[in-house]
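Here is a short, informal tour for anyone meeting this protein for the first time. Have the sequence and the 3D view ready as you read.

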Amino acid sequence: MLNSLIKTLMSLSLVFIFIFSTMLFAQAPRMQWHKGYGTNNGEHIHEIMQTSDGGYIGIGQTSESGRDCSDILVVKIDSSGAFQWQRIIGSKNQFDVGICVTEVKNGYIIGGGLFKGNQQRFLAKLDYKGEIVWQRTYENKRNGMIRGIDILPGGQIVATGYKNC
């Protein structure tokens, strides 16, 4: 009797999981809007998130004109995709890249890598208008990059990434 009940519950849960997953993935979502922003060079957005004002912020890189180099690109748009601002951060003739972004009180924390002799781990805070509040590189003898950011309840920043030793 107990084995029969367990088998029935397991088959019901499998049916529920199947029905639930087919409802979620039965059709591709409909595109609501499509916009393109950046410069006249090649852009790559590595991460995007919805912001507390209902808009979106994306971070990635933009190619420097005529060079095999890039700068960090941060773009802010509103909920309908209308451009609000962009910020380009980097060193001329170097390979700088933005990887991650998160919202904090009064702005955003961005992370990635800035080239200063080699690629250094990089964090910065931008205000809600895209102005740099502070920025910092974490130097090492070889390449490194920030690849993830989280904010603890007390406001401390936890950053993950790599550092080549």
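Helices and strands here are DSSP runs, at least four residues long for helices (H or I) and at least two for strands (E), numbered from the N terminus. With that in hand, the order of elements from the N terminus on reads α-β-β-β-β-β-β-β-β-β-β. In other words, the protein has one helix and ten strands. Keep in mind that this is a predicted model.

A couple of overall figures help with orientation. The protein has 165 residues, and 33% of them are buried. Among contacts with a separation of 6 or more, 38% link residues that are 24 or more positions apart.

**One sheet: β1 to β4**

Let's start with the open sheet whose four strands come in the order β1-β2-β3-β4, with antiparallel pairing. Its edges are β1 and β4 (83-89), each of which pairs on one side only. On average, neighbouring strands in this sheet are turned by 20° against each other, direction ignored. Inside the sheet, β2 and β3 run antiparallel and are joined by eight bridges. One spot to look for is Ser-63, which stands opposite Ser-70 in β3.

These strands also have a part in the largest pocket, which holds about 210 Å³ of space. The pocket is lined by 13 residues, and the closest to its centre are Tyr-37, Ile-45, Ile-48, Val-75 and Ile-77. Two or more lining residues come from each of β1 (43-50), β2 (56-63) and β3 (70-77). The largest share belongs to β3, with four residues. Sorted by class, the lining has nine nonpolar, one polar and three charged residues.

**Another sheet: β5 to β8**

Further along the chain, four strands make an open sheet in the order β5-β6-β7-β8, and the pairing is antiparallel. Here β5 (97-104) and β8 stand at the edges with a single partner strand each, so one side of each has no neighbour in the sheet. Neighbouring strands of this sheet are turned by 20° against each other on average, again with direction ignored.

The strand to watch is β7 (residues 119-126). How much of β7 is buried? Seven of its eight residues are, so β7 is largely enclosed by the rest of the structure. "Buried" means under 20% relative accessible area.

On one side, β7 pairs with β6 (residues 107-115) in the antiparallel sense, over eight bridges. A bridge between these two joins Phe-115 to Gln-119 in β7. On the other side comes β8 (residues 132-138), which pairs with β7 in the antiparallel sense over six bridges. Two of the bridges to β8 can be picked out by name: Leu-123 has Arg-136 as its partner, and Ala-124 has Gln-135. As a rule, side chains in a regular strand alternate between the two faces of the sheet.

Both pairings of β7 are hairpins, and each turn has a glycine with a positive phi. Here they are together:

| Hairpin | Residues between the strands | Glycine in the turn | Phi |
|---|---|---|---|
| β6 and β7 | three residues | Gly-117 | about 85° |
| β7 and β8 | five residues | Gly-130 | about 90° |

If you want a route through the view, follow the chain from β6 through the turn with Gly-117 into β7, then carry on past Gly-130 into β8.

Methods
Residues are numbered from 1 along each chain as its sequence is written. This is a predicted model: local features need pLDDT of at least 70, side-chain atom pairs count only at pLDDT 80 or more; totals for chains, interfaces and linings use all residues. Side-chain values use heavy atoms; hydrogens and water are left out. Buried means under 20% relative accessible area, exposed over 50%, partly exposed in between (1.4 Å probe, protein chains only). Two strands pair if DSSP finds at least two bridges between them. Axes are lines fitted to C-alpha atoms, for helices over the stretch in contact, and angles run from 0 to 180 degrees between N-to-C directions. On a 1 Å grid over the protein atoms alone, a cavity is a set of points where a 1.4 Å probe fits but cannot get out, and a pocket is an open set with protein on both sides within 12 Å along at least five of seven lines; lining residues have an atom within 4 Å of a point. Grid points are joined across faces, edges and corners, and a volume is the space filled by probe spheres set on the points. Ala, Val, Leu, Ile, Met, Phe, Trp, Tyr, Cys and Pro count as nonpolar, Asp, Glu, Lys and Arg as charged, and the others, Gly among them, as polar. Contact means heavy atoms within 4.5 Å.
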